[in-house]
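Hi,

Here is the structure I promised to pass on to you. Have a look at it first, then read on for my notes.

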Amino acid sequence: METHRKEREARPTTAVGTPDGTDAQAHGAERDQPPSTSAAHRGRWDREALETVLRRRFFFAPAFEIYGGVAGLYDYGPPGCAMKNNLVQMWRQHFVLEEGMLELDGPALTPDPVLRTSGHVDKFQDWMVRDTETAACYRADHLLRDALQARLDDPTLSAARSSAERQDMERTLAHVDELTADELAAALRRFDVRAPDTNNPVSAPYSFNLMFQTQIGPTGTIPAYLRPETAQGMFVNFRRLLDYVGGRMPFACAQIGLAYRNEISPRAGLLRVREFMQAEIEHFVHPERKAHPRFHRVADDVLVLFPRDRQSAPPDSERHRVVRMRAGEAVAAAVIDNQTLAYFMARTQSFAYSIGLRPEHLRFRQHLANEMAHYARDCWDLEVETSYGWIECVGLADRACYDLKAHSEVSKVELVALDKYDEPRTVQVFEAVPVKRVIGQRFKRDARRLIELLQTRLDEVAKLRLHEALQTRGSHELDGFTITPDMVEFQRVSRTVHSETYYPSVIEPSFGIGRLLYCVLEHAFYVRAGDDEARAVLRLMPAMAPLKCAVLPLSKNEVFDPLLQRVSTALTRAAISFRADDSNASIGKRYARADELGIPFGITIDFDSVSDATVTVRERDSMQQLRGDIDAVVQAIADMCRGEAHWKSVSEERERYGLQRFEGQQTTHG
């Protein structure tokens, strides 16, 4: 959700788990910090140079490119595919395994009733405009945002505008995501926003549903959609999941899979695509008990927050800044609604650090009131600053009990949890008393079945829902009966109970894998001066790198072949992915090729290796080297790839690994 911000200086940093092992929390000294997306700040990333490397080394490329390609569809090449798999593996370790979550894998094809109940059929839409002459389509809010940002960033245009006009642009840009269709139309007219490709006028905004519609089966009688999110599969399987955990609450389920959205005008590479991988968590919890048993572990973690009251402040004011707060402090001050939501925010932040996102370019932005669904309690986005501005990569929402309640009502299957009390309690309960005379007159021989249903088969939740439906709609369908208000009376009575039935609330962290991957690449990219030319480097975390090690014989000399085989075998046994490069290029150029792929370590086999079976290991960012026997070098690399060590610690404790500083090759020929 990009908004116009004041410029701030970027500080070079290294995240938790980086090769030098520094702690990202050390960057949280200031309390307030202005969130910037100015052109000068975005220019700190050389997007063109990065994307040239990504295309040339086939991290990803437009799908079906030989046929002209299709906007919003991409193929991941070998390094991109490896990085995506690494990211998913790290996510699964960080959340599913460490948090003891269940995992589900459901189909992408979703029948219409499921997504109609969830609200996607009616409400999953964006506002679209068309070029009035060419009929080219644009997403209205993005068109307005890009036009205003360009004008504010252009010094020649900006200087010619009045202060009032500039303030109007800044104010509109700051709240562009909140505008209704009528407000969007008025803003497009007021600022004379035109189609960027033709400079033609555009139409008034109108809604466009973002789901791909299809049919299931040869007759085409079962309407369906490709899922726009993975969450619904977990909601509709709630009863089975609850049974799997033995009825114990709270619990969490995760799902990783593809989702599909028919974006109006997908641009910005992997940041806005039509098919993408999601990793979502549904944490089911009692609606009135949202404390988290592990919250004490993250209570002192410093979160970078951009609460809604600060977003609403004037863009140039001191209050329009992010604030750094400990998670426990944020919950106590009601900045974050509850412990469980704050817990997942802290865990999400630590995950972001672990994959290599730079701490000074991260923030949690709270949804404004009119951005949230009516049922939601609190929502935050983890946003990452890139050359495109602030990009939403993770959404964290307290969705209350809306999803399970909606699916229960439509499916007639109660998706509820049972809370058994340690001791009996006297409570006020809701009773549905059938009016037998009216029911008998209406349903004749079926009257007894309806009376039994009302007296014995409805739980507290179902009775409350029946009462609410009769009050608001005047009738309710129940097990084939149309019930009207004259057929049932409701009363509250005291009763001793041993348990409580309730709809669980849902805390939902939702991760966009492709977006996170692209942000990692932008944050990792830099250009290093070389002897003859500047060289591109991807400073990727070892766990994220597509390959962990490059194996480089000093030259293409068959005398190195036996050692190359020994090194390859040792790396394979240690489950370390590697690439051997025995081409005729100089060793420096081969190092540069590896650095460009983000490979963190390089093993060099030289003529000394032939005589004493030792090799050197080079670290990508410092370009320092250590030497030791093959097993010692492989062990050190394995420890660094697992995060159990980093280059600085290995260098300092090199004697423990049986390594020594590399002073230069002693033997210069075979």
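Below is what turned up, topic by topic.

Before anything else, keep in mind that this is a predicted model.

Let's start with the overall layout. The chain splits into three stretches: domain 1 covers 128-209, domain 2 covers 422-502 and domain 3 covers 547-669. If you take the centres of domain 2 and domain 3 over their C-alpha atoms, they sit 74 Å apart.

Next, the sheet. You'll find an open sheet of 3 strands, in the order β5-β10-β9, and the pairing is antiparallel. At its edges are β5 (109-111) and β9 (213-216), each with a partner on one side only. From one strand to the next, the twist averages 45°. If you zoom in on β5 and β10 (residues 222-226), you can pick out 3 bridges holding the antiparallel pair together. In one of the bridges, L109 is matched with L226 of β10.

Now for the cysteines. How many disulfides does a search of the whole structure find? The count is 0. A disulfide needs two cysteine sulfur atoms within 2.5 Å. For C81, the closest cysteine sulfur belongs to C641 and is 18 Å away, so that is too far for a bond. C393 is also in no disulfide, with the sulfur of C519 as its nearest, 3.7 Å away. Are these two cysteines buried or exposed? C81 counts as partly exposed because its relative accessibility is 33%, while C393 has just 4% and so counts as buried.

Then there's the inside of the protein. The largest nonpolar core has 79 residues, and W91, L305 and I336 touch the most other members. Which helix gives the most to this core? That would be α14 (residues 339-354), with 9 residues. I336 is a good one to click on: setting aside neighbours within four places in sequence, its contacts include L303, L305, V331, M345 and W380. Another core lies apart from this one, with 30 residues, among them F560, V617, V634 and A636.

One last residue to find is N85, which belongs to helix α3 (residues 78-97). N85 has 44% relative accessibility, so it counts as partly exposed. Compare N85 with P62: they are 23 residues apart in sequence, and their C-alpha atoms are 19 Å apart in space.

Have fun looking around!

How values were computed:
Residues numbered from 1 in each chain as written. Predicted model: local features only at pLDDT ≥ 70, side-chain atom pairs only at ≥ 80, totals over all residues. Heavy atoms only, no water. Helix = DSSP H or I, 4+ residues; strand = E, 2+ residues; numbered from the N terminus. Buried < 20%, exposed > 50% of the residue type's maximum accessible area, 1.4 Å probe, protein only. Domains from an automatic or database assignment. Pairing = 2+ DSSP bridges. Axes fitted to C-alpha atoms, helices over the stretch in contact; angles between N-to-C directions. Core = buried A, V, L, I, M, F, W, Y, C linked by side-chain atoms within 4.5 Å. Contact = heavy atoms within 4.5 Å.
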